[in-house]
Amino acid sequence: MIDIRITPDKNELGRQAAALGAEAIRTAIARHGEATIIVATGASQFEMLQNLVVAGGIDWSKVTAFHLDEYVGLPESHPASFRGYLRERFLAPLAVKPAFHFVNGEGDPAAETRRLNALIAGRRIDLCFAGFGENCHLAFNDPPADFETEEPYIVVTLDEACRNQQFGEGWFESFEAVPEQAISMSIRQILKSELIVLSVPDARKAQAVKDALEGDVTPLHPASILQRHPNTVLFLDPPAASLLNKG
């Protein structure tokens, strides 16, 4: 069911992903008077966000945003903080700000998940921007992911491959500095989104792309669950698509 679009490079990937998402936001506002979106972070989202924040015709005052995940115990001032990332790359460039429900991992994680779960419960989610990890994780749902929980946000333990990716991308000064836990949107909550727009560039994601698209649906490859979503569009650059069967 995944609509796969291979773009010439990651800049065009970001442009196309943002254009599709912006159109979905405009359509939701026209239809419902408001839009609720989920915004992702990480290196895979740089180009998409650069294009999204300059998209025309969006009344951001009618948008409510949630984000996918945040580390437990990490202050917002840390370079790896996803709250800091989104304030800088998403909110700061917008003249009119959407309502934004941040995930705060600095206090009691269980209390924070309860707060977020109450905020998102029963909401129509028009659009989810996301990517997936080198270990095929979706949000911070590392393998083996929980495909069954109905809780919108959960506390998760990050596996070694996930922590290595975060260190390798330059967010932390050492592997040991990468937190071992995070608060993540759950798989089932992500799947409630009416449209999922995935941005997945770079050769280091190629095996995960192959596992997600050409393997079985399994918690060992969490992003594979998107094969069962009725409206997912996956944007790849050629390096990320390099291991896919050409037939």
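Reader: How do the residues of the lining of the largest pocket divide into nonpolar, polar and charged?

Author: They divide into 4 nonpolar, 3 polar and 4 charged, where Asp, Glu, Lys and Arg count as charged, Ala, Val, Leu, Ile, Met, Phe, Trp, Tyr, Cys and Pro as nonpolar, and the others, Gly among them, as polar. This is a predicted model, in which local features need pLDDT of at least 70 and side-chain atom pairs pLDDT 80 or more, while totals for chains, interfaces and linings use all residues. Residues are numbered from 1 along each chain, and side-chain values use heavy atoms, with hydrogens and water left out.

Reader: How should I read the empty space itself, and which residues line the largest pocket?

Author: Rolling a probe the size of a water molecule over the atoms shows where empty space is left. On a 1 Å grid over the protein atoms alone, a cavity is a set of points where a 1.4 Å probe fits but cannot get out, whereas a pocket is an open set with protein on both sides within 12 Å along at least five of seven lines, and lining residues have an atom within 4 Å of a point. The largest pocket holds about 200 Å³, and its lining includes Leu20, Glu23, Arg31, His32, Asp126 and Asn231.

Reader: How many cavities of 30 Å³ or more does the structure hold?

Author: There is 1, with about 240 Å³ of space. Its lining has 20 residues, of which Thr41, Gly42, Ser44, His137 and Ala139 are the closest to the centre, and this lining divides into 8 nonpolar, 9 polar and 3 charged residues.

Reader: Why is helix 3 described as largely enclosed?

Author: Buried means under 20% relative accessible area with a 1.4 Å probe, protein chains only, and helices (H or I, at least four residues) and strands (E, at least two) are DSSP runs. In helix 3 (residues 82-91), 7 of the 10 residues are buried, so the rest of the structure largely encloses it. Among the buried residues are Phe82, Tyr85, Leu86 and Phe90, and their cover includes helix 2 (46-52) and strand 3 (63-67).

Reader: Where does Thr149 lie, and what is it in contact with?

Author: Thr149 lies in the loop between strand 6 (127-130) and strand 7 (153-157), and it is buried, with a relative accessible area of 15%. Contact means heavy atoms within 4.5 Å; leaving aside neighbours within four places in sequence, Thr149 is in contact with Ile154, Ser186 and Arg188. A polar atom of the Thr149 side chain also lies 3.2 Å from the backbone nitrogen of Glu151.

How values were computed
Points joined across faces, edges and corners; volume = space filled by probe spheres on them. Buried < 20%, exposed > 50% of the residue type's maximum accessible area, 1.4 Å probe, protein only. Polar contact = N/O pair within 3.5 Å; in protein donor to acceptor, adjacent residues only side chain to side chain.
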